[in-house]
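Biologist: I'd like to go through the labels in this model and ask what each one rests on. Ready to defend them?

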Amino acid sequence: MGKISEFNQQDYEVIARDYADLKEAARKRCANLDELEIVQKAFEFANLAHKGVRRRSGEPYILHPIAVAKIVVSNIGLGYKSIVAALLHDVVEDTSYTVEDIRNLFGDKVASLVDGLTKIKTVLDNEDKAAQKSIQAENFKRILLTLNNDVRVVLIKLADRLHNCRTIEYMPEHKRDKILSETMVVFIPLAHRLGLYEVKSEMENIWLRYKEPDAYNDISSKINRNITDKEKEINEFIIPIDQALKKSGFKFEIKKRVKSPYSIWHKMQTKGVTFDQVYDLYAVRIIFDAEANGKEKGIESERDQCYHIFSIITGIYKYKSDRVRDWVKYPKNNGYEALHCTLMSNTGIWIEVQIRSKRMNDIAEKGIAAHWAYKKDGFAQESESEMDRWISKVKEILVNPDVNALDLLDLIHNDLMKTDIMVFTPKGDQKSIEKGATALDFAYAIHSHIGNKAIAAKVNLKLVPLSYVLNTGDQVEIITAENEAPKSEWLQFLTTSKARKFVLDYIRSERLESVKKGRNMLEVALNAINWNLDDKTLHILMKGLGLLESRPEELFYRVGEGIIKLDNLNQDLKKGISRDKKESNKAVKIDVTGSRYVIATCCNPIPGDSVIGFVEPDGNISIHKKTCSIANSLASKYGDRIVMPTWENIAGSTMAFPVRIQLKGFDRIGMINDITKYISFVMNVNIRKINIGSEDGIFDGYLDLLVPDRKTLEIIVDKLTKIEGIQTVLRSDLN
C-alpha cells in the first residue's frame, strides 16, 4: 500500500490525461461500445479504490494500473478483459475489496485473472525470513502454473513488471537490485520465450542502466553519435532495395532499427569485442503484405515471398553467407519467423536485413498474443505448435512434486533460454530438440520406454554413447535392451527436463534410501579420521567438493550412490579448508559496518565497480559485480540476504585486486616490452601472468594484473590502446 494524501487539481488532470490515452488505445481492441463501457467502469472502480493513495514517486497510485493496462493493449495486443484485469490488478491486494466483489461486478473471467495476479503479487512481495524456501522460486512456479489456466495472467504480470522497472528509480537500492535480478533471471527469459521482443528489450536496457550505468551511458552516447554519422549511408543503402522491390511489384514497407544498448553490451561481454567491432549495429526491416503480393504476383506462400525478396536484395549487395538465418523454414521455439541476412553497403558497413510478412512482424512484436490471434483467425501453420509444445513441457516439470523449488527455478530458467535444433529419425522424419541435447534426451523425446531401455545410439550410422551431443541434421537411431533400466549417472549428462523427469521418477523410491545410506557412510568415514558430522564439517567438505550451492542431502545421495568416493576424504577436507582460507585472505573491508567481506571469485570485482553483497550462512558477506550472473541468481532467490556495500576510501592503500585484460593486434618487435614497461614502470602495477601468442603477424592473449581500483585499470586500458599495433584492449573474466 502506498502513501495516503489528498489529490490536488494537477493530480486529477494527470489521471484524466493518462486514462484518455489508454481509452484511445483500448478503443481499437474493443469489438463494440459495450466492451469499451466495461473498460470505463473498471477505471472508475479502480480510481475510486485507489483514491488518495500515492506511489513512492509521489504520483497518484492509479497511474500505475493505467500504465500496465496501456502496455497490455499497446505492447502485447490483448483485448478488453485483459485491459480490465490490468486496471483492477492491485485492488484486491491493496484495498478492502475481494475477488468476489470483482466477480459480481465484472464476471468470472476478469475475477479469475485478478485472482491469479493477486496470488503472484502476494508471494513476490512476501519477504518473511521464515519462508526462506526460496520465495522467488515459489513465485515463479505460481506464475508458470497459470499457463494451465490462462496465459493472460502471465502476460499482464509481465506488463506490471515492465512498468515497475520503468519507475524503479524511486525504490531503495537493495529493493531495486532484488527487482532487477528477478527481472533478469525470470521475467526477461519469460518475455523472450513468449515472443515479447519489445517488453524483453526494454527490461534489458533498464537492467543495464542501473546495474552498469557507466557502460549504459557510454554505449548510448556512441549509438547516438553513430546514428548521426551513418543516417545518410543507411538511407542510401535502402534506396536501391526500395526501387528493386517496387519494380518487382511487391507491396511492402521498410523500417530502420539500431541494436539496443543491452544487446550491444551483451555482445561485447560474450564475444570479447569493442563497440566498433559490433558489425551488425544497424538493421533494416522489410515488412511485406503477403496477401496482396499473393493476389497480384501469384505467389501464395509467405516462405516463397521471403526467398524471392532475399534473391532480389542479394542481387544488389554482397551478403555474408555465415550470417543467413532462416527462421521461416525453422521458426524459433517462441514462434518467431523471419529471414535474416547481413549485407555489405556500398560505403563499407555491414547492415542486417530482416525479411518478414505482416503476420510474422506482428508475432515478432506482440509475441504469443499475436500468435494465437492469427491461429484463431485461420492462419495456423505447423510452426505455431512450437509455443503449445513448450507450455506442455513446462506443465510436465511443474506437476513433479519431487522437484525442489530452488532446482525448479534453475531448471525453468535454463529451459527458457534454450534454442532448438532439427534432427531426423532413421525413417527421415524431422524432430525438434533442444540445442545441447544428447542421444538419450532424444530417446526420451520419442517415448519414455525407449529412453528407459536405451543402451547406445547410432548417429549418421556410426555407433555413439548415449551421452553424445546431437547437432543439427543428425540422423539418430536408438539401440535398446529389455533388461536395461535408468541409472542415476544419466543425470550428469541429460539436458532436457522431460528426460530428467523420467529418470528422477524412476529412481525416486531409491533416492531416500541412498541419502540415508550415504549419511551413515559419511559419518563412519569421518569418525575414522576424528571428524564429526556437523554443519561446520559439511560446509568445509562441500566447499572442497564444489557442492556449496547444493543441499547436504545431495552430498549424502552422491555418497550413497557411489558417485562420490570417500577414499580421499582427508584431501577433500583439506581442499575445503584451503579454499576457506583463500577466501578469508581475500576478505576486504569495503565499508564501516564491521562485517567481514569476501570478494567473489566468480566475477572478481575491484574498487570502483558497481557491487552487491550477500550475507552468507557463515556470516561473511560475499561481494559481486552487479552484472554477475551468479549474483543475479542469488538475488532472485534470496532477496532478504541482499546488502548494499560501498567501497571505502582506499587512497594510499597497498591492497590490490586481480583483474584480466585481453589484448589483440598486429605483432612487431618490442611489442611485449612496450606493454610491460608501461604497466610495470609507469603505472607501478604488478603483472601476475602473461599469456600472449602470435601467428601470421597477429597477436592475442591476456595479462593478469593486480590493480588498486577501477580508475587505475581504465587508465591502463586507455594507454595500451594508444600503443602502435594494439587493436583491442578489454577487461575480461579471470575464470
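Modeller: Let's begin with burial: buried means under 20% relative accessible area, exposed means over 50%, and partly exposed is what lies in between, with a 1.4 Å probe and protein chains only. Before we go on, this is a predicted model, so local features need pLDDT of at least 70 and side-chain atom pairs count only at pLDDT 80 or more, while totals for chains, interfaces and linings use all residues. Residues are numbered from 1 along each chain as its sequence is written, and side-chain values use heavy atoms, with hydrogens and water left out.

Biologist: Why does Val611 count as buried?

Modeller: Val611 has 5% relative accessibility, and the cut-off is under 20%, so Val611 counts as buried. This residue is found in strand S14. Its contacts (heavy atoms within 4.5 Å), leaving out residues up to four places away in sequence, include Ile623, Met644, Pro645 and Trp647. Thr646 is 35 residues from Val611 in sequence, with the C-alpha atoms 7.6 Å apart.

Biologist: What makes S14 and S16 paired strands?

Modeller: Strands here are DSSP E runs of at least two residues, helices are H or I runs of at least four, and both are numbered from the N terminus. Two strands pair if DSSP finds at least two bridges between them. S14 (residues 611-615) and S16 are joined by 2 bridges and run antiparallel, so the definition is met. One such partnership puts Gly613 with Val643 in S16.

Biologist: Which strands stand at the edges of that sheet?

Modeller: The open sheet has 4 strands in the order S13-S15-S14-S16, with mixed pairing. S13 (597-599) and S16 (642-643) are at the edges: each has a single partner strand, so one side of each has no neighbour in the sheet.

Biologist: Asn604 and Asp696 both get flagged for phi. Which is buried and which is exposed?

Modeller: Asn604, in the loop between S13 and S14, has a phi near 45°, positive in a residue other than glycine. Its relative accessible area is 9%, so Asn604 is buried. Asp696 also has a positive phi, about 55°, without being a glycine. With a relative accessible area of 75%, Asp696 is exposed.

Biologist: Where does Asp696 lie?

Modeller: Asp696 lies in the loop between S18 (686-695) and S19 (698-707). Those two strands form a hairpin with 2 residues between them. They run antiparallel and are joined by 9 bridges, one of which pairs Asn686 with Leu706 in S19.

Biologist: Why do you say that S6 is largely enclosed by the rest of the structure?

Modeller: Because 5 of the 6 residues of S6 (residues 339-344) are buried. S6 has an antiparallel partner in S5 (residues 325-326), over 2 bridges, with Arg325 opposite His340. S6 also pairs with S7 (residues 350-357), antiparallel over 6 bridges, and Thr342 has Glu352 as its bridge partner there. Between S6 and S7 the hairpin has 5 residues, and Gly348 takes a positive phi near 90°.

Biologist: On to the helices. Why is H2 called roughly antiparallel to H6?

Modeller: Angles run from 0 to 180 degrees between N-to-C directions, and the axes are lines fitted to C-alpha atoms, for helices over the stretch in contact. Under 35 degrees counts as roughly parallel, over 145 as roughly antiparallel, 65 to 115 as roughly perpendicular, and the rest as oblique. The axes of H2 (residues 33-49) and H6 (residues 99-106) come within 11 Å and cross at roughly 150°, which makes H2 roughly antiparallel to H6. Ile38, Lys41, Ala42 and Phe45 of H2 make the contact with Ile102, Leu105 and Phe106 of H6.

Biologist: What makes H11 roughly perpendicular to H13?

Modeller: H11 (residues 197-211) and H13 (residues 261-271) have axes that come within 8 Å and cross at roughly 65°. The perpendicular range is 65 to 115 degrees, so H11 is roughly perpendicular to H13. Glu204, Asn205, Trp207 and Leu208 of H11 make this contact with Pro261, Tyr262 and Trp265 of H13.
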